[in-house]
Amino acid sequence: MNFQPINTIIEDDRTGLSVETIRRALADNLFYIQGKFPAIATKNDYYMALAYTVRDRLIQRWINSTEAYLKPEIKTVCYLSAEFLLGPHLVNNLINLDIYEPVKQAVEASGLDFAELIVQEEEPGLGNGGLGRLAACYMDSLSSLEIPAIGYGIRYEFGIFDQVIENGWQVEITDKWLLYGNPWEIERPEASVNVKLGGYTEPYTDSEGNYKVKWTPYQIIKGIPYDTPITGYKVNTVNTLRLWKSEACESFDFQAFNQGDYYRAVEEKLVSENISKVLYPNDEPLQGKKLRLAQQYFFVSCSLQDLIRRYLRVGGRLETFSSKFAVQLNDTHPSIGVAELMRLLVDEHGMEWGQAWEITQNTFAYTNHTLLPEALEKWTLSLFAELLPRHLEIIYEINQRFLDQVRIRYPGDQGKIDALSLIDESGDRFIRMAHLASVGSHAINGVAALHSELLKKDVLRDFYELSPEKFSNKTNGVTPRRWIVLNNSRLAQLITEKIGNNWIKNLDELRKLEAFVDDPQFRHCWHQIKQAIKQDLATRIEQQQGLKLDVESLFDVQVKRIHEYKRQHLNVLHIITLYNRLKQNPNLEITPRTFFFGGKAAPGYFMAKLIIKLINSVGEVVNNDPIVGDRLKVVFIPDFNVTNSQGVYPAADLSEQISTAGKEASGTGNMKFSLNGALTIGTLDGANVEIQEEVGAENFFLFGLTTDQVYATKARGYNPWDYYNGNGELKQVIDLINSGLFSHGDTGLFRPLVDNLLSDDPYLLLADYQSYIDCQERVSQAYRNQEQWVKMSILNVARMGKFSSDRAIKEYCQDIWKLNPIPVELKPYLPENAMLKV
């Protein structure tokens with residue numbers, strides 16, 4: 001009989017990291033959690049078993065982190081965002097927990113295909129684009145920097161739609177990301193809260209003679225929290241993302257059922273669950289607007305109630321609430337939180353108005369993410385009165401007190417009062433949510449240096465003049481853990497071999513790569529990695545679309561949300577220009593290019609969907625013209641998301657960041673491309689300005705009007721016809737689109753797009769066309785010198801340290817949230833700690 005040696009430590013199956021222990025845990029989870037055995041287990045069963053195995057290994061850190069943050073003196077960041085575009089969890093958690101290799105070995109030793117299990121994970125589509133992905137990067141950095149934090153949002157049953165392309169058009173398919181379950185979340189029904197909607201208010205005087213208001217709602221909805229752990233990189237900190245699901249307080253009406261009214265029996269359930277049903281309902285009709293406002297209020301109310309409950313439970317006093325929680329409003333979607341916190345403090349907890357207002361202002365900070373007037377949310381007073389009658393009264397009171405201060409500051413200046421008022425008195429009369437956020441917050445920031453200056457000069461100018469001390473800039477950043485280590489493991493390995501791995505936590509260390517820019521062997525390795533990744537993407541495109549690509553061609557990539565201001569159609573004008581030149585001179589020598597596009601258009605945004613159709617239609621002609629051959633190819637990558645992006649950013653040679661100057665707040669795709677070695681062609685817009693400053697003008701392809709020139713051009717009376725008639729090549733390109741060449745002879749298909757460019761051209765494509773074409777020629781010339789191109793690529797990566805989300809979070813902590821890291825002690829799990837007899 002074999003006995004275990006006395007000094008041998010037996011690893012716990014839930015926390016052990018040896019290959020054998022992980023194999024055993026994987027088998028146990030398949031059997032005990034999934035209830036399957038190998039003969040009937042699916043790939044998804046094996047993925048789920050693996051996910052639970054990894055989750056077990058972070059639970060201990062998660063519980064220890066939560067326990068540490070309970071102390072009243074520990075200040076916590078609360079990040080309120082309508083979007084969290086997290087991407088797949090599995091590999092990200094393996095990297096952050098530093099267990100990638102043992103888990104991979106355990107899976108393969110168990111006879112499973114590790115790569116096959118990874119692709120089983122369904123991506124949570126809980127965001128539309130940059131806003132949600134930024135929130136995810138910030139949650140990663142908060143954990144990696146050991147900052148106590150909770151993210152709050154909505155657990156949408158159906159996320160951003162899945163996009164398929166049919167006959168060149170975008171078609172939206174329901175995103176059923178929860179179809180096979182989500183192993184990363186834990187439901188907490190015992191922590192549910194109730195949220196009121198509609199109804200009416202009644203003033204009354206309490207027993208002590210104080211004026212009070214009673215809100216009698218038409219509907220009460222239950223918010224159920226689902227918690228997801230957010231791991232930090234090689235630290236014990238695991239923060240929480242708490243997402244709220246809406247349910248009816250009573251989901252079944254027995255009386256109605258017994259009377260035969262089967263619909264009314266479940267009506268409340270259906271209506272209540274609509275709130276967390278889908279990300280961004282179409283808000284063109286009134287019902288869509290009501291649902292969107294209800295969504296925003298729902299998750300904000302749930303979150304603030306949750307914070308108050310947490311604080312009171314550990315003996316905190318609401319008078320010191322703002323010293324415990326720093327609540328960041330990620331754009332205007334959660335700005336109703338200003339009125340809701342006032343309601344909770346004044347109505348629910350009996351606090352005097354002045355004290356409640358001081359706490360509210362000290363609690364909230366507001367990040368503005370847009371310069372587009374239509375994106376600064378406004379809601380009609382009638383909608384507010386119907387859905388949130390008490391909040392309308394509170395906003396009126398906030399506005400009155402605020403404008404009284406404005407009148408003292410600007411006596412007799414009605415124009416200033418109208419500009420600063422929370423109420424837009426024009427037309428149907430609206431509540432300006434950005435104004436509410438600005439008044440109710442102690443700090444306001446933009447997300448790039450140019451954007452922050454334009455906020456002060458234009459969008460929020462009057463608020464800046466009134467309270468300049470509130471304003472600062474916090475340039476966006478991205479997490480290097482996902483966007484290089486996970487996304488581009490081959491490049492990450494090469495960098496680590498040369499400079500060590502400290503750059504993963506301190507991105508400024510990438511500067512050390514500059515020492516190797518003249519090393520031929522290093523440049524060769526760099527180039528080989530890029531070519532291998534390009535081949536991977538080309539193979540994927542050939543398998544999915546049957547299109548064979550030349551990996552020696554310049555991979556020219558523009559992947560982002562489809563919008564006119566992002567100017568994907570300017571890129572298309574360049575493609576048609578090159579195509580037209582080749583048709584006129586088939587022997588013309590050009591630098592071969594493969595153009596990649598990706599991105600989704602909002603379902604109700606006709607012009608954006610027409611741009612997608614144009615891209616695919618031009619691609620259909622160009623890709624099949626024997627005169628062109630392999631010199632030009634056009635690819636549209638459907639359903640661009642975090643998962644699909646992982647093979648795209650590392651493969652790009654050229655990053656298209658070509659929005660009209662003064663329209664993009666920051667952008668983060670520009671950072672991801674540069675971090676992966678792509679060179680940028682761009683305008684001086686958003687964070688492009690700072691990227692060019694960091695990488696050097698000689699390593700950045702700059703074109704187009706500046707923001708000041710855009711304003712001046714429009715002020716002079718911009719006439720796009722002048723550019724059309726004055727530029728022969730541009731005229732030929734526009735006429736080719738009009739001719740029906742790219743629409744099987746249908747001259748009307750793209751007429752709305754062309755008419756918009758010639759009659760209005762709000763984003764100045766025609767004004768920037770020639771500058772763009774000339775700049776693209778410089779790109780082509782530069783790409784022909786591959787030695788120099790690789791040097792520029794290395795320098796782009798080496799000088800991107802500023803654009804880490806870690807740097808951004810440190811600035812928020814220092815300047816706005818006023819808090820420091822709290823390292824978490826990893827305590828061993830002992831069964832007796834569960835207060836059970838063992």
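Which residues of strand 19 are buried on one side, and which on the other? Let's find out on a walk through this model, which is predicted.

**Stop 1: strand 19**

Select residues 593-598, which form strand 19. Color Arg 593, Phe 595 and Phe 597 in one shade: these lie on one side of the strand, and they are buried. Now give Thr 594, Phe 596 and Gly 598 a second shade; they sit on the other side and are buried as well. Both faces of strand 19 are therefore covered, with buried meaning under 20% relative accessible area. Counted along the strand, 6 of its 6 residues are buried.

**Stop 2: the neighbouring strands**

Add residues 554-559, which make up strand 18. Strand 18 runs parallel to strand 19, and the two pair over 6 bridges. To see one of the partnerships, pick Leu 554 and look across to Arg 593 in strand 19.

Next, show residues 632-637, strand 20. Strand 20 also pairs with strand 19 in the parallel sense, again over 6 bridges. Here you can pick out Phe 597 and find Phe 636 of strand 20 opposite.

How does the chain get from strand 19 to strand 20? Follow the chain through helix 23, residues 606-623, and you will trace a right-handed β-α-β crossover. Then turn on helix 22, residues 568-584: together with strand 18 and strand 19, helix 22 makes a right-handed β-α-β unit.

**Stop 3: the largest cavity**

Time to look at enclosed spaces. The structure holds 7 cavities of 30 Å³ or more, and the largest contains about 150 Å³ of space. Select Leu 86, His 89, Asn 92, Ile 230 and Arg 482, the closest to its centre among the 15 residues of the lining.

Which elements each supply at least two residues of this lining? Show helix 3 (90-96), helix 6 (130-144) and strand 9 (219-231). Helix 6 provides the largest share, 4 residues. By class, the lining of the largest cavity is made up of 6 nonpolar, 6 polar and 3 charged residues.

**Stop 4: the second largest cavity**

The second largest cavity has a volume of about 70 Å³. Residues in its lining include Trp 526, His 527, Asp 653, Tyr 783 and Trp 789. Display helix 21 (520-545) and helix 32 (786-798), the elements that give two or more residues to this lining. Sorted by class, the lining of the second largest cavity has 5 nonpolar, 5 polar and 2 charged residues.

**Stop 5: the second largest pocket**

Now for a pocket: the second largest holds about 540 Å³ of space. Zoom in on Thr 66, Asp 227, Arg 242, Arg 310 and Arg 313, which lie nearest its centre among 27 lining residues. Helix 2 (43-69), strand 2 (149-154), strand 10 (238-248) and helix 9 (286-313) each contribute at least two residues to the lining. Helix 2 gives the most, with 6 residues. The lining of this pocket divides into 13 nonpolar, 4 polar and 10 charged residues.

**Stop 6: Leu 286**

Finish by selecting Leu 286, which is found in helix 9. Is Leu 286 buried or exposed? Leu 286 counts as exposed because its relative accessibility is 52%, and the cut-off for exposed is over 50%. For a parting view, draw a C-alpha to C-alpha distance from Leu 286 to Val 621: the two are 42 Å apart in space and 335 residues apart in sequence.

Notes: Residues numbered from 1 in each chain as written. Predicted model: local features only at pLDDT ≥ 70, side-chain atom pairs only at ≥ 80, totals over all residues. Heavy atoms only, no water. 1 Å grid on protein atoms, 1.4 Å probe; cavity = no way out; pocket = protein on both sides within 12 Å on 5 of 7 lines; lining within 4 Å. Points joined across faces, edges and corners; volume = space filled by probe spheres on them. Nonpolar A, V, L, I, M, F, W, Y, C, P; charged D, E, K, R; others polar. Buried < 20%, exposed > 50% of the residue type's maximum accessible area, 1.4 Å probe, protein only. Pairing = 2+ DSSP bridges. Right-handed = clockwise from strand over helix to strand, strands pointing away.
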